[in-house]
Amino acid sequence: MEKLVIGLVQTRDEAEAAAGRIIDCGYTRQDISLLMTDATRCRCFTIPDGTTPAHAFGAAIAMSAVLPGLGLVVAGPLSAAVADTIAGGGTGGLREMLLGAGVPKRWAERYEAGVRQGGILVSVLARTDRDAELLNLLLDDLRRNPENPAPDGRHANDTYVHSKSA
């Protein structure tokens, strides 16, 4: 049974640190999903001349489309699930998408608020229960001990692990 591990971070540097930790656990960049508002993408993932910076998420974010009517940008495996939700007639926001994925209401509301306030959701489907526990601890540790804290002191907010049918 796969487990969805979600972390909410505030900066590109924190997203990069989270991805690095996930990759250190044997996953690839292609296993990691990011979800943010288009405004966050513009703030965190472009440089003044409008080009995408050279970092781990640069190409994925640059090639991401804004979800119609939602103003959200999704990169990685999560984008397929979001596209399926939209194609299936789902018109709700991020909260409804997360609820549809089985995330409890309290966490879905917290994540939606965090993303709307400029946060970035980082997620990965853990292959084993042990991986899920480890990834959750790593993302939670990033919240407590950010490697590259933002100048204003903001940092990652929460992590959540959700069992998902394979």
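## Exercises on strand β4 and its surroundings

In this predicted model, β4 is mostly covered, with six of its seven residues buried. The exercises below start from this strand.

**Exercise 1. Determine which strands pair with β4, and in what sense.**

Step 1. Consider β1: seven bridges join this strand to β4, and the two run antiparallel. Within this pairing, I6 has S123 as its bridge partner.

Step 2. Consider β2: this strand also pairs with β4 in the antiparallel sense, over four bridges. Here L35 stands opposite L121 of β4.

Result. β4 is bridged to β1 and to β2.

**Exercise 2. Establish whether A126 is buried or exposed, and relate its position to that of Y27.**

Step 1. Locate the residue: A126 belongs to strand β4, which covers residues 120–126.

Step 2. Apply the cut-off: buried means under 20% relative accessible area. A126 has a relative accessible area of 0%, and is therefore buried.

Step 3. Compare sequence with space: A126 and Y27 are 99 residues apart in sequence, yet their C-alpha atoms are 8.8 Å apart.

Step 4. Look for a shared partner: L135 is in contact with both Y27 and A126, and also with V5, I22, C25 and V124, when its neighbours within four places in sequence are left aside.

Step 5. Examine the ring of Y27: the charged end of R127 sits over it, 3.8 Å from the ring centre.

**Exercise 3. Describe the largest nonpolar core and identify the elements that contribute to it.**

Step 1. Count and name: the core comprises 21 residues, and those with the most contacts inside it are V5, I22, Y27, L34, I120, V122 and L135.

Step 2. Assign elements: two or more residues come from each of β1 (2–9), α1 (12–24), β2 (32–37), α2 (38–45), β4 and α7 (129–144).

Step 3. Separate the other core: apart from this one lies a core of 16 residues, including L70, L72, L94 and L121.

**Exercise 4. Explain why the buried residues of α2 can be said to line one face of the helix.**

Step 1. List them: T40, R41, C44 and F45 are the buried residues of α2.

Step 2. View the helix down its axis: these residues fall within an arc of 105 degrees, so they line one face.

**Exercise 5. Characterise the aromatic pair of the structure.**

Step 1. Identify the pair: the structure holds one, formed by W107 and Y111.

Step 2. Give the geometry: the centres are 5.8 Å apart and the planes meet at 45 degrees, a tilted arrangement.

Step 3. Place the pair: W107 and Y111 are four residues apart in helix α6 (residues 105–116), which means that about one helical turn separates them. Both are buried.

Step 4. Add the charge: R110 lies over the face of W107, at 4.9 Å from the ring centre.

Technical notes: Residues are numbered from 1 along each chain as its sequence is written. This is a predicted model: local features need pLDDT of at least 70, side-chain atom pairs count only at pLDDT 80 or more; totals for chains, interfaces and linings use all residues. Side-chain values use heavy atoms; hydrogens and water are left out. Buried means under 20% relative accessible area, exposed over 50%, partly exposed in between (1.4 Å probe, protein chains only). A nonpolar core is a set of buried Ala, Val, Leu, Ile, Met, Phe, Trp, Tyr and Cys residues joined through side-chain atoms within 4.5 Å. Contact means heavy atoms within 4.5 Å. The arc is that of the directions from the helix axis to the C-beta atoms. Rings of Phe, Tyr and Trp (its six-membered ring) pair if their centres lie within 6.5 Å; planes under 30 degrees apart count as stacked, over 60 as edge-to-face and the rest as tilted. A charge sits over a ring if NZ of Lys or CZ of Arg is within 6 Å of the ring centre and within 35 degrees of the ring normal. Two strands pair if DSSP finds at least two bridges between them.
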